[in-house]
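Hello,

Here is the structure I promised to pass on to you. Please open it alongside this email, and then read on for what turned up in it.

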Amino acid sequence: MVLFHQEHRTRFTFLYFCRIFSEKMTPSPSILVTGGAGFIGSHTVVALAEAGFRPVVLDDFSNSQQRVLDGLRHILGYEVPCYVQDCNDRSALLDVFQRENIRGVIHFAAFKAVGESMQEPLRYYHNNLGSLITLLEVMLETGVPDLIFSSSCTVYGEPAVLPVTEASPVLPATSVYGNTKQVGEEILRDVVVAGKPFRVISLRYFNPIGAHPSAQIGELPLGVPNNLVPFVTQSAAGKRGPLTIFGDDYPTPDGTCIRDFIHVMDLAEAHVSALHALHKNSGSNSYDVFNVGTGQGVSVLEMVQAFEEVTGQKLNYHIGPRRAGDVVAVYADATKSREYLGWRSKRSLHEALADAWRWELAIGR
Ligand SMILES: NC(=O)c1ccc[n+]([C@@H]2O[C@H](COP(=O)([O-])OP(=O)(O)OC[C@H]3O[C@@H](n4cnc5c(N)ncnc54)[C@H](O)[C@@H]3O)[C@@H](O)[C@H]2O)c1
C-alpha cells in the first residue's frame, strides 16, 4: 500500500510536469466530455489527459457527485475544467464550445436505468435524444466535426450467434433505454448520409466494471445499484443485503446469464483510440460502429466466484427468479476495434474486481 502511494506521488509529479511542458510547447486539443463526471466519463477524462488531450467536462450531476472532480484532481494533479450544465441547454453548450475552443466531443450524457426508462419514457427520450440533437446542432454551428457516441451492446438484443460482430443484426429494442441507443445511432447515421460535416464513431460498450487503480474514482451509483458489480461490492461491504442472482435455469453451462465484463480503464482507452482514428481520417464525413468488449463471456456465477477469490470476501447471495428483459448471453467479437482502432482490452477480470473492491473500501472510509 505504501509502495502504491509512492508510485502514485511520482506519477502525479510526472503528469504535472508533462502538462506544464506540453502547455508551453503546443496547446492540447480540447475535447468536450459530456457526462464526464459519470462512471465511464470520469475514467475517460483520465485516459484523455494521459494521452495529451485537454478534457473539458460538462455534466448536470443528475447521476453523479462533485467528489468525482476531487478524485480527478488527485489523479491528474490539476483541476479539470467542469461546466455544471444540462446538455439540452443550447446556449450554455454554445458558450462552452466557444469559450473552450472545443475540437472534438465524447458524448456520455444520458440516463441509463433500463427499468426506470420503462416508467419514464418521455424523460428518457427527451434527455438521451434531445441532448444528442442539441449537441449536433451546436457542433454544426461551431464547425466541430468529430464525435464519439456512447452506444451499447443492448442494440444486439438476444443474439442468435455469439460472439457478436458489428455486422450482427440490430434487433428491436426491449426497453426505452435500449431504443434511445438505437435511435441515437440512426440519427448519427442519417446526418452523415445527408452529407453533413460529421465524423462519428459509435462505440458499443459491453459491461464496464472496475475503477481507476488509485481508488480515487470509480462507479458511484446514487441509490440501489442497477449494475451487478457495485451491488456485489456494496453487499460484501455490508451496505446492502444479499445479492440476488436473477435465474440459474438459463441454457448456459452453470445456468446463469453470460456477459462480457470489461475494465472501465480499457473502455476509457478505447475512446482515445477512436479519437486518434477520427483525427487520422482525411475525409470530412464518416460514420462507423465498433464493439468494445474483451471477447470473453463470463457467467454471473463465475463473476461472483472470481470476486470471492480476488478479495477473500465471502459473498452472501441467493438465486431468485429470472428478471424481465435480461438476455441469456452476449459477448463481443472485438476484431474490428483491434484492426481499425488499434485497441484491445488489456486488463483481466481479476484486476477489474480488485480495483472495484479497493474503490468500495475507499468510499466506505
Ligand atoms: N455503464 C454501462 O454499463 C453502460 C453500458 C453501455 C452504454 N452506456 C452508456 O455510456 C454512457 C455513460 O454511462 P455511465 O455508466 O458512465 O453513466 P453515468 O450515469 O455514471 O454517467 C452519465 C453522466 O451524464 C450526466 N448526465 C445525464 N444527463 C445529462 C444531461 N442532460 N446533461 C449533462 N449531463 C448529464 C450524469 O449526471 C452522469 O454524470 C451513457 O450514455 C450510457 O447509456 C453505459
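Before the tour, a word on names: helices and strands are DSSP runs numbered from the N terminus, with at least four residues for a helix and at least two for a strand. Please also keep in mind that this is a predicted model.

With those names in hand, a good place to begin is Asn101, which sits in the loop between H4 and S4. Its phi is near 50 degrees, a positive value in a residue other than glycine. Ala215 is another residue to look at: here phi is positive too, at about 60 degrees, although Ala215 is not a glycine. You will find Ala215 in the loop between strand S7 (207–209) and helix H8 (228–236).

While you are looking at loops, go to the one between strand S5 (146–152) and helix H7 (176–193), where Pro163 lies. The peptide bond that joins Leu162 and Pro163 is cis, with omega at about -5 degrees.

Now for the sheet. Seven strands form an open sheet with parallel pairing, and their order is S3-S2-S1-S4-S5-S6-S11. At the edges are strand S3 (82–84) and strand S11 (286–292), each of which pairs on one side only. From one strand to the next, the twist averages 20 degrees. To see one pairing in detail, take strand S1 (residues 30–34) and strand S4 (residues 102–107): they run parallel and are joined by five bridges. Ser30, for example, has Ile102 in S4 as its bridge partner.

Next come the helices. Two packed helices are described by the angle between their axes and the distance between the axes. There are two pairs I would like to show you.

The first pair on my list is helix H2 (residues 39–50) with H3. Their axes come within 10 Å and cross at roughly 25 degrees. H2 and H3 are therefore roughly parallel to each other, since angles under 35 degrees count as such. The crossing in which H2 passes H3 is right-handed. On the H2 side, the contact is made by Ser42, Val45, Val46 and Ala49, and on the H3 side by Val68, Leu72, Ile75 and Leu76. Sorted by type, the residues of this contact of H2 with H3 are seven nonpolar, one polar and no charged.

The other pair is helix H4 (residues 90–100) with helix H6 (residues 121–142), which pack at an angle of about 40 degrees with their axes 10 Å apart. That angle makes H4 oblique to H6. The crossing of H4 and H6 is right-handed. From H4, Arg90, Leu93, Leu94 and Phe97 meet Thr134, Leu135, Glu137, Val138, Met139, Glu141 and Thr142 in H6. The contact of H4 with H6 divides into six nonpolar, two polar and three charged residues.

Last, the salt bridges. How many does the structure hold? There are 19 salt bridges. One of them links Asp70 with Arg73, and the closest N and O atoms are 3.4 Å apart. Why are Asp70 and Arg73 separated by about one helical turn? Because Asp70 and Arg73 are three residues apart in helix H3 (residues 67–76).

Enjoy exploring, and send me any questions that come up along the way.

Best wishes

Definitions and conventions: Residues are numbered from 1 along each chain as its sequence is written. This is a predicted model: local features need pLDDT of at least 70, side-chain atom pairs count only at pLDDT 80 or more; totals for chains, interfaces and linings use all residues. Side-chain values use heavy atoms; hydrogens and water are left out. Axes are lines fitted to C-alpha atoms, for helices over the stretch in contact, and angles run from 0 to 180 degrees between N-to-C directions. Angles under 35 degrees count as roughly parallel, over 145 as roughly antiparallel, 65 to 115 as roughly perpendicular and the rest as oblique. A crossing is left-handed if the near helix is turned anticlockwise from the far one by less than a right angle, and right-handed if clockwise. Contact means heavy atoms within 4.5 Å. Ala, Val, Leu, Ile, Met, Phe, Trp, Tyr, Cys and Pro count as nonpolar, Asp, Glu, Lys and Arg as charged, and the others, Gly among them, as polar. Two strands pair if DSSP finds at least two bridges between them. A salt bridge is a side-chain nitrogen of Lys or Arg within 4 Å of a carboxyl oxygen of Asp or Glu.
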